[in-house]
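Here is a friendly walk through a protein model, written for someone who works at the bench. Please keep the structure open while you read.

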Amino acid sequence: QPDDRGLIGDVPVLRVTRRGPEAVHFVPAALEPGAEVLLSLDWERRFDHMQQHSGQHLISAIAEQMFGFKTTSWELGRQRSVIELDTPLVTAEQVAALEKSVNEKIRDRVPVTVRELAADDPEVETVRSRGLPDDHVGPVRVVDIKGIDSNLCCGTHVSNLSDLQVIKLLGVEKGKKNKTNLVFLAGNRVLKSIEQSHNTEKALTSLLKNGPGEHIEAVRRLQSSVKLLQKNNLNLLRDIAVLIARDFKSKPAPRQLFVLHRKEGDSEFMNIIANEIGTEETLLFLTVGDEKEAGLFLLAGPVEAVENLGPRVAELLGGKGAGKRGRFQGKAAKMSRRGEVQALLQEFISHQNPEA
């Protein structure tokens with residue numbers, strides 16, 4: 001169970017941990033030894049932990065009684081909690097039956113009590129437990145859910161199952177080594193989850209312009225439309241790439257450097273242009289993406305030139321890339337430095353052709 005938080009006087013408690021019999025509090029400022037202070041507990045956090053922890057005891061006990069599923073560990077998470085059950089399979093029918101049973105116990109208002117026993121008390125051996133820590137000292141705490149469960153536990157708990165309000169089992173997930181993780185919410189977390197789901201439902205109703213019962217079908221139609229638009233967009237980009245290349249090749253005087261940036265595009269778009277223009281004599285520097293942030297680049301041309309310039313281009317653009325057979329391409333983080341790359345390429349061509 002996560003630690004409690006709160007204030008010591010006006011100093012916030014950042015973390016609490018146990019060292020043997022002592023509770024060690026971590027605070028951001030020194031406290032005056034011997035000073036009398038008021039301790040303030042973050043009750044909302046504490047009560048949430050109480051609900052989840054008592055809920056776990058109840059679920060684990062009923063799961064073992066109904067189906068023989070033993071709990072091997074559990075995690076009290078920030079948004080949801082998980083119980084690890086020692087079984088490779090829990091069916092949907094078993095989850096539904098378990099949820100029904102634990103909520104019946106909540107409605108029955110079953111008392112929850114805490115008592116302390118000496119560590120060597122024979123009764124300790126009869127109580128459900130995963131063992132005591134090696135550095136444990138003093139008495140042990142037993143949490144009893146009347147007529148349902150007795151369990152060694154150092155955590156905080158409700159005094160009656162009615163304080164749990166309700167338990168919702170969210171389903172199961174595959175665990176490790178033939179075990180199953182059972183995901184649950186208890187108490188106020190159920191209410192918060194319902195509120196969040198309802199707000200999401202209202203937002204979708206506004207966006208999709210239909211009722212909750214039609215949301216799924218509406219999203220499916222949108223997905224279908226998006227796929228069609230993406231396909232059409234890809235075909236248009238391919239056509240544009242071909243037209244750009246043909247326009248370049250139609251110029252009367254051949255150029256040794258071709259530079260192009262386009263916000264919309266992808267690697268295929270750039271490679272189509274390179275294929276159409278040809279890279280035996282022309283050096284191509286193509287980029288797609290945001291003009292000042294991240295994007296993709298392609299340097300294509302004579303093999304020796306690309307092998308020499310490719311890594312330097314990637315370095316200038318703050319990116320990484322790889323290449324072979326006259327093409328070097330990758331991701332760029334600093335597209336705003338395209339001008340520096342163009343200057344580098346022009347300088348390279350000038351050195352290759354001093355008379356140009």
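The report below goes through domains, cores, one helix, a few loop residues and the cysteines.

## Model and domains

Please bear in mind that this is a predicted model. The domain assignment divides the protein into domain 1 (6–41), domain 2 (43–129 + 139–205) and domain 3 (237–352). Taken over C-alpha atoms, the centres of domain 1 and domain 2 are separated by 30 Å.

UniProt, in an unreviewed entry, lists residues 140–183 as "domain: Threonyl/alanyl tRNA synthetase SAD". In the model, the span 140–183 is 50% strand and 0% helix, and its end C-alpha atoms lie 29 Å apart.

## The nonpolar cores

The largest nonpolar core has 31 residues, and Leu 58, Ile 59 and Ile 167 are the ones that touch the most other members. Several elements supply at least two residues each to this core, including helix 1 (43–67), helix 2 (92–107), strand 9 (140–145) and strand 11 (167–174). Helix 1 gives the most, with 7 residues. As background, nonpolar side chains tend to be buried together in soluble globular proteins.

Ile 59 is a good residue to click on. Leaving aside its neighbours within four places in sequence, Ile 59 is in contact with Ile 83, Leu 98, Val 102, Ile 167, Leu 169, Leu 182 and Phe 184. Apart from this core lies another one, of 20 residues, which has Leu 257, Leu 317, Phe 328 and Phe 348 among its members.

## Helix 4

Helix 4 (215–249) offers a neat check on geometry. With 35 residues at 1.5 Å a residue, helix 4 should span 51 Å, and its end C-alpha atoms are indeed 51 Å apart, so the two values agree.

Which residues of helix 4 are buried? They are His 215, Ala 218, Leu 237, Ala 241, Val 242, Ala 245 and Phe 248. The cover over these buried residues includes helix 3, strand 13 (257–262) and helix 5 (267–277).

Just before helix 4 comes a loop that links it to helix 3 (188–208), and Gly 213 is found there. Gly 213 counts as exposed because its relative accessibility is 80%. Between Gly 213 and Glu 201 there are 10.0 Å in space, C-alpha to C-alpha, for 12 residues in sequence.

## Two residues with positive phi

Most residues other than glycine have a negative phi. Gln 165 has a positive value, near 70 degrees. Gln 165 sits in the loop between strand 10 (149–152) and strand 11, and with 39% relative accessibility it counts as partly exposed.

Arg 325 is another non-glycine residue with positive phi, here near 50 degrees. The loop that holds Arg 325 runs between strand 16 (320–324) and strand 17 (327–332). Arg 325 counts as exposed, since its relative accessibility is 69%.

## The cysteines

How many disulfides does the model contain? The count comes to 0. The sulfur of Cys 153 has its closest cysteine sulfur in Cys 154, 5.6 Å away, which is too far for a bond because a disulfide needs the two sulfur atoms within 2.5 Å. Seen from the other side, Cys 154 is in no disulfide, and its nearest cysteine sulfur is that of Cys 153.

Are Cys 153 and Cys 154 buried or exposed? Cys 153 counts as buried because its relative accessibility is 12%, whereas Cys 154, at 75%, counts as exposed. The cut-offs behind these labels are under 20% for buried and over 50% for exposed.

Technical notes
Residues are numbered from 1 along each chain as its sequence is written. Side-chain values use heavy atoms; hydrogens and water are left out. UniProt positions are given in the numbering used here, feature names are shortened, and annotations may be inferred rather than shown by experiment. Helices (H or I, at least four residues) and strands (E, at least two) are DSSP runs, numbered from the N terminus. Buried means under 20% relative accessible area, exposed over 50%, partly exposed in between (1.4 Å probe, protein chains only). A nonpolar core is a set of buried Ala, Val, Leu, Ile, Met, Phe, Trp, Tyr and Cys residues joined through side-chain atoms within 4.5 Å. Contact means heavy atoms within 4.5 Å. Domain bounds come from an automatic or database domain assignment. The expected span of a helix is 1.5 Å times one less than its number of residues.
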